[in-house]
Amino acid sequence: MRTVLVAAGITIEGRRVLLSRRKKGSHLEGHWEFPGGKVEDGEDPRAALRRELVEELGIDVEVGEIVDVTFHRYDDAEKAVLLLFFEATRRVGSAEPRPLDVAEVRWAEATDLDPSAFPPADLAVLAKVRARLTA
């Protein structure tokens, strides 16, 4: 079983967090997730997150501290993921997020974070994000 290193962004503005929906034909299609993607060999995870958010959502971010780290095995896809969740803040002048390489994007409030709509690997960080949104 191979392990994939993934960097994901927790972008909070006001009392909302930025989410993206996985495209049809992808593993876990239709699930909402914190946007990001695979870290390439030799790539810094923070640089990978910035690159992925430009490619997928067209936004420029400043990547901050790690919010959470999760390891999850997906036996159905014969892979495991090591997920690094970082704080990500849109830079001044950044475009509004739009679905360039994802099915959909949305700003969600704490009450919108239904665990059944997220991949299993994202569930551990949901409580932390909810707490930040309601603080």
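Let's start with one residue, Leu5. Beyond its close neighbours in sequence, up to four places away, Leu5 touches Gly37, Lys38, Val39, Pro45, Leu82 and Leu84. Keep in mind that this is a predicted model.

Where does Leu5 sit? It is found in strand β1, residues 2–10. Is Leu5 buried or exposed? Neither: its relative accessible area is 29%, so it counts as partly exposed, between the 20% and 50% limits. One distance for Leu5, too. Ala77 is 72 residues away in sequence, and the two C-alpha atoms are 15 Å apart in space.

Leu82, one of the residues that Leu5 touches, takes us to the surface. Leu82 belongs to a nonpolar patch there, together with Ile66, Val69 and Phe71. Their accessible area adds up to about 340 Å². Which strand gives the most to this patch? Strand β6, residues 61–74, with 3 residues. Ile66 is found in β6. Ile66 has a relative accessible area of 42%, so it is partly exposed, again between 20% and 50%.

Now the strand pairing. Look at β3, residues 16–21. Strand β2, residues 12–13, pairs with β3 in the antiparallel sense, over 2 bridges. Ile12 stands opposite Val17 of β3. The hairpin of β2 and β3 has 2 residues between the strands. In that hairpin, Gly14 takes a positive phi near 65°.

β3 has other partners. Strand β8, residues 104–108, runs antiparallel to β3, and 5 bridges join them. Strand β4, residues 32–33, also pairs with β3 in the antiparallel sense, over 2 bridges. Follow Ser20 here. Its bridge partner in β8 is Val105. In β4, the bridge partner of Ser20 is Glu33.

Next, the inside. How many residues does the largest nonpolar core have? The count is 23. Val17, Leu19, Phe34, Phe85, Leu113 and Val129 have the most contacts inside this core. At least two core residues come from each of β1, β3, β6, β7 (79–90) and α2 (123–134). Take Val129 from that group. Setting aside neighbours within four places in sequence, Val129 is in contact with Ile10, Val17, Phe34 and Leu113. Another core, of 16 residues, lies apart from the largest one. Leu49, Leu53, Ile59 and Phe86 are among its residues.

To recap with one residue, Val17. It stands opposite Ile12, and it is in contact with Val129.

Key: Residues numbered from 1 in each chain as written. Predicted model: local features only at pLDDT ≥ 70, side-chain atom pairs only at ≥ 80, totals over all residues. Heavy atoms only, no water. Pairing = 2+ DSSP bridges. Helix = DSSP H or I, 4+ residues; strand = E, 2+ residues; numbered from the N terminus. Buried < 20%, exposed > 50% of the residue type's maximum accessible area, 1.4 Å probe, protein only. Contact = heavy atoms within 4.5 Å. Patch = residues over 30% accessible without salt bridge, like charges linked within 9 Å, V, L, I, M, F, W, Y side chains within 5 Å. Areas by Shrake-Rupley, 256 points an atom, 1.4 Å probe, with all protein chains shown as cover. Salt bridge = Lys/Arg side-chain N within 4 Å of Asp/Glu carboxyl O. Core = buried A, V, L, I, M, F, W, Y, C linked by side-chain atoms within 4.5 Å.
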